[in-house]
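This report describes the fold, the central sheet and selected side-chain environments of one protein. The sequence and the coordinates are shown below for reference.

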Amino acid sequence: MPTVSKTARKRIDDLLNPCRVTADCQGRTPLAKSTVVAEMAIPRVPEQELVMESADSVKAFDGAGVPGGPLFPIYHFNATALSQLLPAGAKVLDLFCGSAQFLQYLLRGRDDLCGIGLDLSQGMLELAQKNVASAGLADRIQFVHADAVTADRAIKEPVAAVTCL
């Protein structure tokens, strides 16, 4: 397994932890900093065509994340990188988790990790729960039906990393 130099790890940590880089977080976690976005004067209205609810779109997205699918190389790359960076016992929040193919792949590679999948599509979350149960990971992944803009209110527990693939 490749090692990450201290310099590279610090640069990655700085990217993942903007509160340490910018002094304006006043002790809040990076996820809590998203409150600034959530309190915009113009409310965000999710584009309904981008919320995959139809059975066909849910199935197609799910199939794209399996080995051999077009999303799998992205999942593999990110799971490999996160596996090197996450501390033992870490919790990962996956925004727009879809059918949870990425979370499953990441957690199969690291038995000590757990995850939270957040998605706005109820259809995706239903399939995600079935996928996770079939993979034997139901005790390590929980799901939240919410918009990513409200993640700071929907997720109350600390996480070591936030992904959005």
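## Accessibility classes and residue H76

A residue is called buried under 20% relative accessible area and exposed over 50%, with partly exposed in between. H76 has a relative accessible area of 39%, so it falls into the partly exposed class. The model in which this value was computed is a predicted one.

H76 is found in helix α6, which covers residues 72–85. Its C-alpha atom is separated by 9.8 Å from that of G65, and the two residues are 11 apart along the chain.

## Overall architecture

The secondary structure of the protein comprises 9 helices and 4 strands. Read from the N terminus, the order of elements is α-α-α-α-α-α-β-α-β-α-β-α-β.

Of the 165 residues of the protein, 38% count as buried. The exposed surface amounts to about 9600 Å², and carbon and sulfur atoms supply 61% of this area. Among contacts between residues at least 6 apart in sequence, 67% join residues that are at least 24 apart.

## The parallel sheet

The 4 strands form an open sheet in the order β3-β2-β1-β4, and their pairing is parallel. Strands β3 (141–145) and β4 (161–163) stand at the edges; each has a single partner strand, so one side of each is left without a neighbour in the sheet. On average, neighbouring strands of this sheet are turned by 20 degrees against each other, direction ignored. In general terms, the strands of a sheet pair through backbone hydrogen bonds, either parallel or antiparallel.

Strand β1 (residues 91–95) pairs with strand β2 (residues 114–119) in the parallel sense over 5 bridges. The register of this pairing can be followed at two positions. K91 stands opposite C114 in β2, and D94 stands opposite G117 in β2.

## Burial of strand β1

How many of the 5 residues of β1 are buried? The count is 5 of the 5, so the strand is largely enclosed by the rest of the structure. Both faces of β1 are covered. K91, L93 and L95 lie on one side, V92 and D94 lie on the other, and all of these residues are buried.

Helix α7 (residues 101–109) lies across β1, β2, β3 and β4. Relative to β2, helix α7 runs at about 175 degrees.

## Helix α6 and its aromatic pairs

Helix α6 has 14 residues and reaches 20 Å from its first C-alpha to its last. This span is close to the 20 Å expected at 1.5 Å a residue. The buried residues of α6 are F72, Y75, A79, L82, S83 and Q84.

The structure holds 2 aromatic pairs. F72 and Y105 form an edge-to-face pair, with 4.9 Å from centre to centre and 75 degrees between the planes. F72 lies in helix α6 and Y105 in helix α7, so this pair ties together parts that are 33 residues apart in sequence. F72 counts as buried because its relative accessibility is 18%, whereas Y105, at 23% relative accessibility, counts as partly exposed. The rings of Y75 and F102 have their centres 5.7 Å apart and their planes at 55 degrees, so this pair is tilted. Y75 lies in helix α6 and F102 in helix α7, so the pair ties together parts that are 27 residues apart in sequence. Both Y75 and F102 are buried.

## Residue S57 in helix α5

S57 has its place in helix α5, which covers residues 55–64. With a relative accessible area of 22%, S57 is partly exposed because values from 20% to 50% define that class.

Which residues is S57 in contact with, leaving aside its neighbours within four places in sequence? The contacts of S57 are with M52 and M124. S57 and G123 are 66 residues apart in sequence, and their C-alpha atoms are 9.5 Å apart in space.

Definitions and conventions:
Residues numbered from 1 in each chain as written. Predicted model: local features only at pLDDT ≥ 70, side-chain atom pairs only at ≥ 80, totals over all residues. Heavy atoms only, no water. Pairing = 2+ DSSP bridges. Helix = DSSP H or I, 4+ residues; strand = E, 2+ residues; numbered from the N terminus. Axes fitted to C-alpha atoms, helices over the stretch in contact; angles between N-to-C directions. Contact = heavy atoms within 4.5 Å. Buried < 20%, exposed > 50% of the residue type's maximum accessible area, 1.4 Å probe, protein only. Phe/Tyr/Trp six-rings, centres within 6.5 Å; stacked < 30°, edge-to-face > 60°. Expected span 1.5 Å × (residues − 1). Areas by Shrake-Rupley, 256 points an atom, 1.4 Å probe, with all protein chains shown as cover.
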